[in-house]
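Student: I am new to this structure and would be grateful for a close look at a single part of it, namely the network of salt bridges. Please describe that part with care and then place it within the whole.

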Amino acid sequence: MSLIVKDKSFYKLLFSITLPIAAQNLITFTVSMADSLMLGKVGEIALSAANLANQLFFILMIVTFGVTSASMVFASQYWGKGDVYSMKRIITIMLRVAFVVSLAASALALLMPETVMSWYSNDAEVIAAGADYLRIIGWVYPIYAVTNAMVCIFRSAHVVKISIVVYLVSLVVNIFFNWVFIFGNLGAPEMGVAGAALATAIARVAEFIILIIYLAFFEKTINYRISDFFVPVKDYVGAFIKTGAPVILNEAVWSIGTSMLSMIIGHISTEFVSANSIANVIWQCVWVIISGMGNATAVIIGNAVGIGEDKNLIKQKATSVILVAFCMGVAAAATLLIIRGPIINFYDVSPETKALAYELIVSYAAIIILQAMSVQYVVGIFRGGGDTKFAMLIDVAFLWLFSIPLGAYTGLVLKWAPPLVYLMLRCDELIKCTVGLFHMLGGKWIKDITVRAPKSAETEI
């Protein structure tokens, strides 16, 4: 048997799911880029404050992604089996957990914003500006968590267009109100960083309204309704905890670890924070499609396991995905180096910050080839296949054992140049790819983790 899939329909399916998800990611990225560019016009304090204040949102976003990914492991396999009844119960668990987690994040943002900011910076101006940002944005964390989780879970059933609609409207709303409130246009007060937070909050409300309208009047594939949020789910909680908890824990611990990387950068210098913010925006330009393929891989592998497809065929699909990911990583690295100059020049920051961002992109380009493959292993192949514990192990252990200690030591003690420090902060990617390859070839990650629906369950379409 060939190591890779030769049937063109497999690649057609892969990219038919990848591209709409990538489009959603691109829209989300465009919002971040617009915020970054507009705040860059205000100054480096504003840019750094918003970037560091959003680290709390980043943790919420990643934990919500973990809850959703855990749910997609089940939902994709249930969809492969045609068991919509069980799929809807998993969605209910997902929404309840995401809502509770978001309330905790809101409490931190609203009750102790200065404390949160002090975790990431010792610059008094950055802390004060970031606290203003958190006091506004913290109110809409629950709305974001529910909307994002629901939009993402539709991917398990190959429903991806709604995400484009939701986030396209969000893009327009966010950019417009950024222009209004950051700079004080149309008679509005000039709010700077706080204006960016208000614009984002308005966009989150718009997203939620669209989702509610879609669920009430248009959603027919899964037929999930608001009333389903209140149905009993006790038959599924045990399995969800057993398989889903490692995914949620994975994303929670990983996001905290990644946030610690930002802490390290923040305590090296404000210029490093600003340069890294710019470099990260450029990185997102090419990351959107790679990330989208990770989610698409999870759906395809999960569906295949749910159907009961031959394990050798599933391994063949996984190997094909990694080969495609490597090629995409190389293309992404080249693109980063090509587009860095024009994008960096958009920013109204010091020449030193621009020069540092220009150098940082070289490190980003080296790492993205590894990231392109590691995200397929962790998010796509192992989670989609049901082996969430191993995915958690390689994603979290190497970050905490290698990246964080080496980054802190080389950056804060040895005072290495920022581009070299960044390489140390991302050195776990190489280890993940190496270990992930051997585990993938072994095939022990292919596990059917679904729970049979109760006999009393009515058939749902």
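Tutor:

**The salt-bridge network**

Asp395, Asp428, Glu429 and Lys432 are joined to one another in a network of salt bridges. The model is a predicted one, and every value below is computed from it.

Let us begin with the pair formed by Asp395 and Lys432. Their side chains meet in a salt bridge, with a distance of 2.8 Å from N to O. This pair links distant parts of the chain: Asp395 belongs to helix H13 (residues 388-413), Lys432 belongs to helix H15 (residues 428-442), and their positions lie 37 residues apart in the sequence count. Both Asp395 and Lys432 are buried.

Lys432 also takes part in a second salt bridge, with the side chain of Asp428, at 3.9 Å from N to O. The cut-off for a salt bridge is 4 Å, so a pair at 3.9 Å is counted. Lys432 and Asp428 stand four residues apart in helix H15, so about one helical turn separates them. In an α-helix there are 3.6 residues a turn, so residues three or four places apart point the same way. Lys432 has a relative accessibility of 4% and therefore counts as buried. Asp428, at 2% relative accessibility, is likewise buried.

The network is one part of a longer list, for the count of salt bridges comes to 11. Another salt bridge joins the side chains of Arg383 and Glu251, at 2.4 Å from N to O. Arg383 lies in helix H12 (residues 351-384) and Glu251 in helix H9 (residues 234-268), so this pair ties together parts that are 132 residues apart in sequence. Arg383 is buried, its relative accessible area being 1%. Glu251 is buried as well, with a relative accessible area of 4%.

Helix H13, which holds Asp395, also contributes to the surface. Tyr409, Leu412, Val413, Leu414, Trp416 and Leu420 make a nonpolar surface patch of about 550 Å². H13 gives the most to this patch, with three residues. Val413 is a residue of helix H13, and its relative accessible area of 53% makes Val413 exposed. Helix H13 thus holds both the buried Asp395 and the exposed Val413.

It remains to place these helices within the whole. The chain has 15 helices and zero strands. Helix H7 (residues 161-183) may serve as an example: at 1.5 Å a residue, its 23 residues should span 33 Å, and its end C-alpha atoms are 33 Å apart, which agrees. Among the buried residues of H7 are Ile162, Val166, Tyr167, Leu171 and Phe181. After H7 comes Gly184, with a positive phi near 75 degrees.

For the chain of 461 residues, a compact globule would have a radius of gyration near 23 Å, and the value of 22 Å found here agrees with that. Along the principal axes, the C-alpha atoms fill a box of roughly 65 × 45 × 35 Å. Of the 461 residues, 59% count as buried. Among contacts between residues at least 6 apart in sequence, 84% join residues at least 24 apart. The chain exposes about 18100 Å², of which carbon and sulfur atoms supply 70%.

Terms used: Residues numbered from 1 in each chain as written. Predicted model: local features only at pLDDT ≥ 70, side-chain atom pairs only at ≥ 80, totals over all residues. Heavy atoms only, no water. Helix = DSSP H or I, 4+ residues; strand = E, 2+ residues; numbered from the N terminus. Buried < 20%, exposed > 50% of the residue type's maximum accessible area, 1.4 Å probe, protein only. Expected span 1.5 Å × (residues − 1). Rg over C-alpha atoms; globule rule 2.2 N^0.38 Å. Contact = heavy atoms within 4.5 Å. Areas by Shrake-Rupley, 256 points an atom, 1.4 Å probe, with all protein chains shown as cover. Patch = residues over 30% accessible without salt bridge, like charges linked within 9 Å, V, L, I, M, F, W, Y side chains within 5 Å.
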